[in-house]
Amino acid sequence: MSEQNERIRKDMDMTTDTKPTVGFIGLGSMGAGMTRNLQRAGFPLVVNDLRPESATELVARGALWADSAAQVAAASDLVITMLPTPRHVADAVSGPGGVLEGMADGGTWIDMSTSVPEVADAVRASTASRGIRILDAPVSGMSVGAASGMLQIFIGGESDDVERLRPVFEAMGDPERILHVGPHGAGYAVKLMINQLWFSHLVATAEVLAVGVKAGVDLGVLRDALVASPANSNFVERDVLSILENGDYDEGFALALACKDLGLSIDLARSVGVSVELSALVEQVFRRARNLHGDRAGEMTPFRLYEDMLGTPLRLARVEEVAAR
Ligand code: NAD
């Protein structure tokens, strides 16, 4: 390790009272809650977003605004990106005025976006002589988990970096579910596979509920039977209730981002040479829902395709309605 890296690591000793300054780029649905929790944990913040208004509250509570990603990096001990797609990450990190222009040699960049390894791999290759530490650390838990500081975090990278940065992760995530899942890129892969399986559960559940109801079975009876069966899943038991009880398709995670994740998942499958017929079908269903309902519709909107076929929303009867029968 170079002398300079050693010095920067000593400066970032998180066992002392002085916490390192965290640079954070991307203050959207997720970044808003994550930065708030970093602030609560006492990390000084320097922030940037294409939408300056997204930083108003953070700045009022003491965060510094930087006009560019390069300025964020120059004023921080480590930089976190939480951006929509790999293209946004590449722009913010390696583009003009990006993180790499401002970061000192031996600095640290953590990408918490749901992405693929290509961008970070290219950065690692182009900065090999600068000793920049890079981790991929995408998350699960939706904007609610970001706001409550209970995200699940999947980290790809080297063990000493993961341990050194654990206090930063613990400010944003559930300490029990901050997982070092392997070398560089493993965090992205785990996150994409989780989303792929969850979206597959969503489409499969919509299909069986629509068919069962059309065949004359009461929705509540059908769901109870599924929950009590070997076909039960976390989705059937818990997550689908936001639709069945409240008609909530989760606008906290936009359909455009869900389609992005499904596309990245298929890209990953292609890059490792695995054929994924089911994943491709699920992606098509999501894209159809996006065409019909728009980019900003909630991630669970594909359910509406099946509700439209039924001609009625899939909603559980309320307790008072059942009592009145
Ligand atoms: P979002 O669209 O709400 O926010 C992204 C923010 O990034 C926006 O404020 C945008 O202005 C900003 N931005 C874009 N390009 C920029 C650039 N070059 N420089 C500075 N700022 C830039 O997205 P989100 O829902 O917060 O998601 C962020 C990432 O987290 C995505 O990769 C998403 O897949 C992932 N994710 C989201 C959720 C969720 O429930 N929303 C859950 C888990 C993971």
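Which residues have the most contacts inside the largest nonpolar core? They are Phe199, Leu202, Leu209, Leu244, Phe286 and Phe303, in a core of 32 residues. The model is predicted. Besides this core, the briefing covers the ligand site, a second core and Pro175.

**Ligand site**
- The ligand is surrounded by 26 residues, and the closest are Ser29, Met30, Asp49, Arg51 and Leu83.
- Asp49 has a side-chain N or O atom 2.6 Å from an oxygen atom of the ligand.
- For Arg51, a polar side-chain atom is 2.8 Å from a ligand oxygen atom.
- Leu83 takes part through its backbone, with a polar backbone atom 2.9 Å from an oxygen atom of the ligand.
- On its own the ligand has 840 Å² of accessible area, and the protein covers 89% of that area.

**Makeup of the ligand shell**
- By residue class, the shell around the ligand holds twelve nonpolar, nine polar and five charged residues.
- At least two shell residues come from each of helix H2 (29-40), helix H5 (86-94), helix H8 (142-148) and helix H15 (255-272).
- H15 contributes the most to the shell around the ligand, namely three residues.

**Nonpolar cores**
- In soluble globular proteins, nonpolar side chains tend to be buried together.
- The largest nonpolar core, with its 32 residues, draws two or more residues from each of helix H11 (186-214), helix H12 (219-227), helix H13 (234-239), helix H14 (241-246), H15, helix H16 (277-293) and helix H17 (302-310).
- H11 provides the largest share of this core, seven residues.
- H15 therefore appears in two lists, as a helix that supplies residues to the ligand shell and as an element that gives two or more residues to the largest core.
- Phe303, with neighbours within four places in sequence left aside, is in contact with Leu202, Thr205, Ala206, Leu209, Phe235, Val240, Ile243, Leu244, Tyr249 and Leu314.
- A second core, separate from the largest, has 31 residues, including Val22, Ile110, Ile153 and Ile178.

**Pro175**
- Pro175 is located in strand E9 (residues 173-182).
- Its relative accessible area is 43%; Pro175 therefore counts as partly exposed, since this value lies between the 20% limit for buried and the 50% limit for exposed.
- Not counting residues up to four places away in sequence, Pro175 touches Arg166 and Glu170.
- Pro175 and Ser271 are 96 residues apart along the chain, and their C-alpha atoms are separated by 32 Å.

Conventions. Residues numbered from 1 in each chain as written. Predicted model: local features only at pLDDT ≥ 70, side-chain atom pairs only at ≥ 80, totals over all residues. Heavy atoms only, no water. Near = heavy atom within 4 Å. Polar contact = N/O pair within 3.5 Å; in protein donor to acceptor, adjacent residues only side chain to side chain. Areas by Shrake-Rupley, 256 points an atom, 1.4 Å probe, with all protein chains shown as cover. Helix = DSSP H or I, 4+ residues; strand = E, 2+ residues; numbered from the N terminus. Nonpolar A, V, L, I, M, F, W, Y, C, P; charged D, E, K, R; others polar. Core = buried A, V, L, I, M, F, W, Y, C linked by side-chain atoms within 4.5 Å. Buried < 20%, exposed > 50% of the residue type's maximum accessible area, 1.4 Å probe, protein only. Contact = heavy atoms within 4.5 Å.
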